[in-house]
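The following exercises are to be worked with the sequence and the model side by side. Each one sets a task and then gives a solution in steps.

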Amino acid sequence: NQMKPGWKTPDGRSMFGLEAVGSSVLFSTWKGTAFSQIEVWDAKEGTRPLVAFPKKADGGACCLETDGKQMVWFQASGYLGGELYSKVELMKAPFTTSAGSLKPTVLRPAYQNDVLGGGGVVGGAYAAHLERPAGADLDKERLILTRLSDGHYWLIPSRPGLRWTATMYVSGDELAVLESNPNGFHATHWNIVRLSIASLGQPLPPGSGF
């Protein structure tokens, strides 16, 4: 049997950040100055917006992550042009595939200032993300662990001479992160580092800065 596409973009938009839960796929779409939004697809209802705005100047959203119970994403307002916004926040909501039943709340201000990237992992009532302001050097990237109950968060520094490259997983007890030397995908070595959440100390309350 030949594989058939479930959905193709009708207008040349980009798709990224796919998350599959049961028979549904949640993903981000982007099209230049038109929009940045989160959509959901299933075989019964097809594709429809989940977090969307009439136009990019009204707001944007991307990078939904979920464990099937809770979901988090980045949502922006105060459009400045290009991909930049004056306010980007990390949001959460109980899992749903219907925009009408979405019940979002703000977890914390984001460190990044766009909604074109910023993927992470969710699990065990935590979310782990790598964030960086648009156009900033790699040394400005931050590994941020956020507690979903109240938005308190930890800034986790990289080890000397190394950088965090990708989040792997997070549970109620620990998170795992891929690290490399500072040359990114031209790195000469890679490590998977497991970090105990209990070892991170006290978290920062939302709005404490980065």
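**Exercise 1. Decide how the radius of gyration of the chain compares with that of a compact globule, and describe the overall build.**

Solution. In this predicted model, begin with the length: for 210 residues, a compact globule would have a radius of gyration near 17 Å, and the chain has 17 Å, which agrees. Next, take the extent along the principal axes, where the C-alpha atoms fill a box of roughly 45 × 45 × 35 Å. Then turn to burial and surface: buried residues make up 43% of the 210 residues, while the chain exposes about 10600 Å², of which carbon and sulfur atoms supply 54%. Finally, consider the contacts with a separation of 6 or more, 43% of which are accounted for by residues 24 or more positions apart.

**Exercise 2. Establish the secondary structure content, and trace the sheet that contains β1.**

Solution. The chain has zero helices and 15 strands. Following β1 through its pairings leads to an open sheet of four strands in the order β1-β2-β3-β4, with antiparallel pairing. Its edge strands are β1 (14-21) and β4 (46-51), each of which pairs on one side only, and the twist averages 30° from one strand to the next. For the detail of one pairing, look at β3 (residues 35-42), which is joined to β4 by five bridges, the two strands running antiparallel. Within β4, Thr47 is the bridge partner of Trp41.

**Exercise 3. Carry out the analysis for the sheet that contains β9.**

Solution. The strand order here is β9-β10-β11-β12, in an open sheet of four strands with antiparallel pairing. The edges are β9 (120-123) and β12 (153-156), each pairing on one side only, and neighbouring strands of this sheet are turned by 15° against each other on average, direction ignored. Moving inward, six bridges join β10 (residues 126-131) to β11 (residues 142-147), and these strands run antiparallel. As a point of reference in that pairing, Leu130 stands opposite Leu143 in β11.

**Exercise 4. Locate any disulfide, and determine its handedness and the burial of its cysteines.**

Solution. A search of the whole structure finds one disulfide. It is formed by Cys62 and Cys63, whose sulfur atoms lie 2.4 Å apart, a distance to be set against the cut-off of 2.5 Å. The torsion about the S-S bond of Cys62 and Cys63 is about -80°, so the disulfide is left-handed. As for burial, for which the limit is under 20% relative accessible area, both Cys62 and Cys63 are buried.

Conventions:
Residues are numbered from 1 along each chain as its sequence is written. This is a predicted model: local features need pLDDT of at least 70, side-chain atom pairs count only at pLDDT 80 or more; totals for chains, interfaces and linings use all residues. Side-chain values use heavy atoms; hydrogens and water are left out. Two strands pair if DSSP finds at least two bridges between them. Axes are lines fitted to C-alpha atoms, for helices over the stretch in contact, and angles run from 0 to 180 degrees between N-to-C directions. Buried means under 20% relative accessible area, exposed over 50%, partly exposed in between (1.4 Å probe, protein chains only). The radius of gyration is taken over C-alpha atoms; the globule rule is 2.2 Å times the number of residues to the power 0.38. Contact means heavy atoms within 4.5 Å. Accessible areas come from the Shrake-Rupley method with a 1.4 Å probe; for residues, only the protein chains shown count as cover.
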